[in-house]
Amino acid sequence: METTLHILVVDDHKDIRDLLAKFLVKHGMRVTTAADAAEARRHIKAGAFDLIVLDIMMPGEDGISLCRSLREGAAPPIIFLTAVAEDTDRIIGLELGADDYVTKPFNPRELLARIRAVIRRAQSVPQSRDAPAGERLKFGQFIFDADRRELIDGQEVATPLSYGEYLLLSAFLHRPNIVLTRDQLLDITRGRAANLFDRSIDNQVSRLRRKIEDDPKDPKIIQTIWGGGYKFVGVVERI
């Protein structure tokens, strides 16, 4: 690993922050620590980080809220620190775009391995996962407006897309009639380790189907390929 990797550790427990900082520095990384989301925001505004280690449960703004905010713009990979009982929050965080998680109590060596794996994955995919500025793609009766992150139907009614839906639909529209596995979709849209919560992709596909399919229970546009993944079926045109 490069010695210049800069990691931000956000946790309200000083002993955890200090332990991780010492351990990661020992393994050749630069480390900045923050005790809460407000301090993390100040560091993020002032500097550049390769990855954020983020505790879910913190006083004030929690890790879920901070992750959601960061994912609205360009943000480095995020690894959650989570208690065993926080299953729901962990799933929500992964669906928001977190790249991995480590359950407390944890071995620092496990976290180090996950940091390295997430950064390798992030470096192996294009830095920008957003559609090109100004892009408008037509499929069926719909127009996908990348700038507005909207779907416009044949009656000119615009439907907003969540960031996850936008990334997923963009991935499909740029690869029509090609079977994409869940691993590939996770790489394309999130750039994270793909063996964690494949259901996050399934949930996003279900939401997309409700917006573009005549019958989401019998989808014709985004088809499930059993044992394979998903395939967007149709003709896509740039307009």
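Author: Two strands count as paired if DSSP finds at least two bridges between them. This is a predicted model: local features need pLDDT of at least 70, side-chain atom pairs count only at pLDDT 80 or more, and totals for chains, interfaces and linings use all residues. Residues are numbered from 1 along each chain as its sequence is written, while side-chain values use heavy atoms and leave out hydrogens and water.

Reader: What makes S11 and S12 a pair?

Author: Four bridges join S11 (residues 222-225) to S12, and the two run antiparallel. Pairing takes at least two bridges, so four will do. Thr224 has Tyr230 in S12 as its bridge partner. Three residues lie between the strands of this hairpin, where Gly227 takes a positive phi near 80 degrees.

Reader: Why is the set with Phe139 and Leu169 called a nonpolar core?

Author: Its 25 residues are called that because they are buried (under 20% relative accessible area, 1.4 Å probe), nonpolar by the list that runs from Ala to Cys, and joined through side-chain atoms within 4.5 Å. Those with the most contacts inside this core are Phe139, Phe144, Leu169, Phe172, Leu185 and Ile222. Helix H6 (163-173) is among the elements that give two or more residues, and H6 has the largest share, seven. Over the protein, buried residues make up 45% of the 239.

Reader: How do you know how far to trust residues 192-198?

Author: Look at pLDDT, the predictor's confidence in each residue, from 0 to 100. Over 192-198 pLDDT stays under 50, whereas the protein's mean is 84. On that scale, the predictor's confidence there is therefore in the lower half.

Methods
Contact means heavy atoms within 4.5 Å. Buried means under 20% relative accessible area, exposed over 50%, partly exposed in between (1.4 Å probe, protein chains only).
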